[in-house]
Amino acid sequence: MPRRAVRPKPAAVTASSPCPCGLPATYGACCGLRHAGSPASTAQLLMRSRYSAFVVLDESYLLRTWHPSTRPASLDLDPRVRWLGLDVLATTAGGPFHTEGTVDFTARHLDGGRQESLREHSRFVRHEGAWVYLDAAGAATG
Ligand SMILES: [Zn+2]
């Protein structure tokens, strides 16, 4: 782990910003499309767009890409959390011709000045044709 000070900037993501999800594209050409209503073709793209929704505080996107059986009634994202990056570690299925898939990832963030890393194994299924998040098993790894 490099031990340099992390100096977060306020999240000011615009259409021409690098996409928060880490793919080599602008937000407007990547997760921004999905936040605007274009469906994700794979579970991994949905997972990335949900990560980006945390960054841009798009609670309604998170709720509408959540399976109705596990979806909370509402979300209250903490704008003080600074997301630092996403690493997709592994995927299973989740492609255009699948009905379920999993994504293993690590999401790094600063919470009250402390860098934390959340590792999760998330499950995705199709609901009415579109990929949605079902549930996850995971642990904060500090
Ligand atoms: Zn993206």
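The following legends describe close-up views of a predicted model.

**View 1. Overall architecture of the predicted protein, with three helices and four strands.** Along the sequence, the elements follow the pattern α-α-α-β-β-β-β. Of the 142 residues of the protein, 39% count as buried. The mean pLDDT of the protein is 91, and 89% of its residues reach 70 or more. Among the elements, helix α1 (residues 31-35) has the highest mean pLDDT, 98, while strand β4 (residues 130-140) has the lowest, 86.

**View 2. The zinc ion and its four cysteine ligands.** The SG atoms of C19, C21, C30 and C31 coordinate the zinc ion at 2.3 Å. Along the chain, these donors are spaced as C-x1-C-x8-C-C. The arrangement is tetrahedral because the angles subtended by the four donor atoms around the zinc ion run from 103 to 118 degrees. For reference, the ideal angle for four tetrahedral donors is 109.5 degrees. Two of the ligands, C21 and C30, are buried. C21 has a relative accessible area of 0% and is therefore buried; C30, at 4% relative accessibility, also counts as buried. The count of disulfides comes to zero.

**View 3. The hairpin of strands β1 and β2.** Strand β1 (residues 82-93) pairs with β2 in the antiparallel sense over ten bridges. Within this pairing, R82 stands opposite L110 of β2, and D87 stands opposite T106 of β2. Six residues lie between the two strands of the hairpin. In the turn, G94 has a positive phi of about 75 degrees.

**View 4. The hairpin of strands β2 and β3.** Strand β2 (residues 100-111) and β3 run antiparallel and are joined by twelve bridges. E100 has V125 as its bridge partner in β3, and R108 stands opposite S117 in β3. Two residues separate the strands of this hairpin, and G112 in the turn has a positive phi of about 60 degrees. Strand β2 is mostly covered, with nine of its twelve residues buried. In a regular strand, side chains alternate between the two faces of the sheet.

**View 5. Residue L118 of strand β3 and its neighbour across the hairpin, T106.** L118 belongs to strand β3 (residues 114-127). The C-alpha atoms of L118 and T106 are separated by 5.4 Å, although these residues are twelve apart along the chain. T106 also stands opposite D87 in the pairing with β1. With a relative accessibility of 26%, L118 counts as partly exposed.

**View 6. The largest nonpolar core of the protein, comprising 25 residues.** Within this core, M47, L86 and F124 touch the most other members. The elements that give two or more residues to the core are α2, α3, β2 and β4. Helix α2 supplies the largest share, six residues.

**View 7. Residue L57, a non-glycine residue with positive phi.** The phi of L57 is about 60 degrees. L57 is placed in the loop between α2 (43-55) and α3 (59-64). At 39% relative accessibility, L57 counts as partly exposed.

**View 8. Residue E128, also a non-glycine residue with positive phi.** The phi of E128 is near 50 degrees. E128 lies in the loop between β3 and β4. With a relative accessibility of 78%, E128 counts as exposed.

Note on methods:
Residues numbered from 1 in each chain as written. Predicted model: local features only at pLDDT ≥ 70, side-chain atom pairs only at ≥ 80, totals over all residues. Heavy atoms only, no water. Donors = N, O, S within 2.8 Å, 3.2 Å for Na, K, Ca; no water. Tetrahedral: all angles 85-135°; square planar, octahedral: opposite > 155°, others 65-115°. Buried < 20%, exposed > 50% of the residue type's maximum accessible area, 1.4 Å probe, protein only. Disulfide = S-S within 2.5 Å. Pairing = 2+ DSSP bridges. pLDDT = per-residue confidence, 0-100. Core = buried A, V, L, I, M, F, W, Y, C linked by side-chain atoms within 4.5 Å.
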